[in-house]
Amino acid sequence: MNFSVKPMRFLADTLAQPNETPAREQLLPDGTTLRLLDTGLLRVSPSQPGTHRVLISCGIHGNETAPMEIVDAIVGDIVAGELTVNNELLIVIGNPPAAVAAERFIEENLNRLFSGKHQSSRSLESLRAAQIEQVTEAFFTAGDEPRLHYDLHTAIRGSQIEKFAVYPYLHSRTWSAPQIGFLEQCGIEAVLFSKQPSGTYSYHTSHLHEADSFTIELGKVRQFGDNDMTNFSAISAGLRRVIAGQELFKQTPKSIKLFAVVEEVIKRSEAFQLHIPAEAKNFTEYPKGSLLASDEGYEYRTQQDGERFVFPITNVPPGQRAMLVVAPTELDPID
Ligand SMILES: O=C(O)CCC(=O)N[C@@H](CCC(=O)O)C(=O)O
Ligand SMILES: [Zn+2]
């Protein structure tokens with residue numbers, strides 16, 4: 001272990017050595033310890049135990065740069081002594097080689113490989129998913145505090161609702177009104193409730209570790225340096241409150257929009273087609289009976305007025321999700 005006093009530059013160091021960053025440790029004057037476990041995997045421990053164990057991840061898709069810049073600014077402030085850490089923290093930059101290549105992934109989509117789905121291949125992303133699962137398990141099982149996971153992303157398309165969260169499928173657990181209230185304070189305008197298990201990182205931590213977990217979409221994908229960081233002040237401030245132990249999760253949701261996923265459209269074959277304009281934005285609304293997607297022996301037509309599409313994509317292997325269809329839901333998270 002290298003105990004060098006050279007201050008950590010988390011994102012720059014990660015991108016400089018995306019396949020192998022030497023482990024190192026840095027002790028701050030207030031007793032906080034930063035331990036770089038491996039490339040893009042940083043554990044931060046306060047000198048006193050906190051109330052929560054907090055996982056913040058970004059760069060699960062390498063071209064989603066704004067989340068990495070948000071997280072890097074947070075780490076920079078911790079290192080500079082400008083943000084006090086009062087909760088155990090794990091920070092993950094998911095796919096550094098893809099970030100260097102400015103690509104969503106190198107061999108396959110990392111965010112389809114969690115919950116053991118990485119076992120069926122030996123791709124770079126499969127090995128990384130296995131490593132991230134191990135580090136996550138060690139982090140969450142090291143204490144009994146409630147577990148939180150915010151997985152930050154940006155979207156391929158523009159969106160009528162720019163900032164939204166995906167609540168992973170909860171099985172028999174119920175959603176957390178204080179968490180949705182917190183997300184609303186962070187500038188998140190809508191929450192989508194998933195209806196089935198998936199290979200995403202947020203589903204993995206939610207299901208296996210019973211964390212309050214979310215995929216958080218913060219706007220459109222842009223290159224490093226092209227992000228308007230003022231656009232992320234509410235989420236940055238919220239995450240900083242959580243890290244500093246100042247967030248009490250007392251806020252109930254007020255006007256955040258809620259959507260249920262009514263259909264997860266899977267690409268079945270190379271005949272798969274989307275029937276939506278290339279420039280149409282996420283959350284575009286369609287009347288009942290509209291054809292949104294077709295494939296061999298399959299059509300998806302909207303089942304009710306007001307259904308909207310999210311994350312449409314044709315360029316995925318057969319068997320993978322090609323689109324979500326969502327509809328406003330009556331669920332009242334304040335109950
Ligand atoms: O814009 C897109 O099409 C994809 C943006 C993105 O990466 N979204 C996540 C959502 C994960 C979830 O459903 O929780 C993904 O597709 O992995
Ligand atoms: Zn993403």
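1. A word to start with: donors are N, O and S atoms within 2.8 Å of the metal, and since water is not among the atoms, sites may look incomplete. Please also keep in mind that this is a predicted model.

2. With that in hand, have a look at the zinc ion, ligand 2. His61 and His153 each coordinate the zinc ion through ND1, while Glu64 appears twice through OE, with distances of 2.0 to 2.3 Å. Along the chain, the donors of the zinc ion are spaced as H-x2-E-x88-H.

3. Why is the pair His61 and His153 worth tracing through the fold? His61 belongs to the loop between β4 (53–58) and α2 (65–79), whereas His153 is in strand β6, so the two tie together parts that are 92 residues apart in sequence.

4. Now turn to ligand 1, where both histidines come up again. An N or O atom in the side chain of His61 is 3.0 Å from an oxygen atom of ligand 1. For His153, a polar side-chain atom lies 3.4 Å from a ligand 1 oxygen, and for Arg112 the corresponding distance is 2.8 Å. Of the accessible area that ligand 1 has on its own, 430 Å², the protein covers 97%.

5. Where does ligand 1 sit? You will find ligand 1 in the largest pocket. There are 16 residues around ligand 1, and those that come nearest are Asn111, Arg112, Ile156, Thr215 and Glu217.

6. Finally, the make-up of that shell. At least two of its residues come from each of β6 (147–155) and β9 (212–220), and β6 gives the largest share, three residues. Sorted by class, the shell holds seven polar, five charged and four nonpolar residues.

Notes: Residues are numbered from 1 along each chain as its sequence is written. Chains are lettered from A and ligands numbered from 1 in the order in which they are written. This is a predicted model: local features need pLDDT of at least 70, side-chain atom pairs count only at pLDDT 80 or more; totals for chains, interfaces and linings use all residues. Side-chain values use heavy atoms; hydrogens and water are left out. A residue is near a molecule or strand if one of its heavy atoms lies within 4 Å of it. A polar contact is a pair of N or O atoms within 3.5 Å; within protein, one must be able to donate a hydrogen and the other to accept it, and residues adjacent in sequence count only if both atoms are side-chain atoms. Accessible areas come from the Shrake-Rupley method with a 1.4 Å probe; for residues, only the protein chains shown count as cover. On a 1 Å grid over the protein atoms alone, a cavity is a set of points where a 1.4 Å probe fits but cannot get out, and a pocket is an open set with protein on both sides within 12 Å along at least five of seven lines; lining residues have an atom within 4 Å of a point. A molecule sits in a cavity or pocket if more than half of its atoms lie within 2 Å of its grid points. Helices (H or I, at least four residues) and strands (E, at least two) are DSSP runs, numbered from the N terminus. Ala, Val, Leu, Ile, Met, Phe, Trp, Tyr, Cys and Pro count as nonpolar, Asp, Glu, Lys and Arg as charged, and the others, Gly among them, as polar. Donors are N, O and S atoms within 2.8 Å of the metal (3.2 Å for Na, K and Ca); water is not among the atoms, so sites may look incomplete.
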